[in-house]
Amino acid sequence: MPYLDTLNAKFAGAFTTSAFRDNQRVLVNAERAPTVIFALLKCLKEECGFDMLAELGGIDYLNYPDATDRYCVVYGLTNTTTGERVFVKAFANDPEPELPSVTALWKGADWMEREVYDMYGVRFTGHPDLRRILMPSEYTAFPLRKDYPLRGYGERHNFPIVTRAES
Amino acid sequence: MVTKLDALANLLRKYSLWPMPFATACCGIELMATASSRYDIARFGAEAMRFSPRQCDVMIVAGRVVMKMVPVMQRIWLQMPEPKWCISMGACASSGGVFDTYCTVQGIDRFIPVDVYIPGCPPRPEQLIRAILDLQEKVQKTGTIDAREFASRTAYEGPTALARELSPEEAIVAPGDYRTATRLRSLPVVN
């Protein structure tokens, strides 16, 4: 992995690595992520050739065995020249999970970060337009968090009723 | 009391029900199949699908309805001129179906009046034709020329609150025990 040498030279100690089958991962814990993650992704993009943000998603590790941080934002990067892939995981914690936005690096991160915010409540600082994207704007909860009940808190029945006579 | 003039109006209306296709999911495919040549809903006078609610008599809600679509659905329903009827097509529109989730409405009859329900996931076109025939019978039996039969129905006609919304403490939280990979076994009893 030539990119690991570049990362080690610039961010030694700020990240760990792991692998699952052919998935190469770079992990940045919640303590370091707010300061390191943007520079690390910028380095991967500009110096290591990972020019495409193929995926950006969220994970809630609540009650997960051996998990130390709760929220995770996964950046799936692709090198369009070599076809190489790397998954960068940045962690965040309650009460206010927050990570820097990468819309300055990849325009396409805009809606994906909005979706992560909508579902998990991770705020992205520097995002140009951080609003809910799927749920209604008056919705207050974050439905993909693991402590959110499957049937919700009653939001889905909170609508006016149209009776036959008045319609 | 249905007079002869009402009966005449009903006869004319029931054989020219113009549907408003509110198709949000796979039931909409069956709705399209019902309108096309193999099943041919035109045989029963209901082939004139219009995408303007101002021209329609019967709204066919085909598919799951999520929270964001409820205000849209209610607005379309209110825009339809009287007399009008509503068919709830499929398990999702009638009860939420398998989508017992945070965003899906558990049956459209909680928010708008429904005349005919169609079970099935999705229902076959024959079932939709049956529903049209049932609706024709309902129009013939209850309809009036000036649609005055609706004025007395001021109460909520939807289902009683079947599953009360659970409090956060007793609500089912997914997933359960990661270490044994099982769902929590002690689920709360729903009234």
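This report walks through the parallel sheet of chain B, then turns to chain A and the contact between the two chains.

The model is predicted, so local features need pLDDT of at least 70 and side-chain atom pairs count only at pLDDT 80 or more, while totals for chains, interfaces and linings use all residues. Residues are numbered from 1 along each chain as its sequence is written, and chains are lettered from A and ligands numbered from 1 in the order in which they are written.

**The sheet of chain B**

Let's start with the strands (DSSP runs of E, at least two residues; helices are runs of H or I, at least four, and both are numbered from the N terminus). In chain B, 4 strands make an open, parallel sheet in the order S1-S2-S3-S4. Its edges are S1 (19-23) and S4 (116-118) of chain B, each paired on one side only. From one strand to the next, the twist averages 15°. Strands count as paired if DSSP finds at least two bridges between them; the pairs are tabulated here.

| Strand pair | Sense | Bridges |
|---|---|---|
| S1(B) and S2(B) | parallel | 5 bridges |
| S2(B) and S3(B) | parallel | 5 bridges |
| S3(B) and S4(B) | parallel | 3 bridges |

Val61(B) in S2(B) stands opposite Phe22(B), and its bridge partner in S3(B) is Ser88(B). Farther along the sheet order, Met89(B) is bridged to Ile118(B) in S4(B).

In a regular strand, side chains alternate between the two faces of the sheet. On S3(B), Trp85(B), Ile87(B) and Met89(B) point one way, Cys86(B) and Ser88(B) the other, and all are buried. Buried here means that 20 or more other C-beta atoms, placed from the backbone, lie within 10 Å of the residue's own. Because 5 of the 5 residues of S3(B) are buried, this strand is largely enclosed by the rest of the structure.

**Helices around the sheet**

Helix H2 (residues 27-35) of chain B packs on the sheet and touches S1, S2 and S3 of chain B, its direction making about 150° with that of S1(B). Helix H5 (residues 125-142) of chain B lies across S2, S3 and S4 of chain B, at about 170° to S4(B). Angles run from 0 to 180 degrees between N-to-C directions, with axes fitted to C-alpha atoms, for helices over the stretch in contact.

**Chain A and the contact**

Chain A has 3 helices and 7 strands, and 31% of its 167 residues count as buried. Chain A gives 25 residues to the contact and chain B gives 34 residues (C-beta atoms, placed from the backbone, within 7 Å).

Methods: Buried ≥ 20, exposed ≤ 12 C-beta atoms within 10 Å, placed from the backbone. Contact = placed C-beta atoms within 7 Å.
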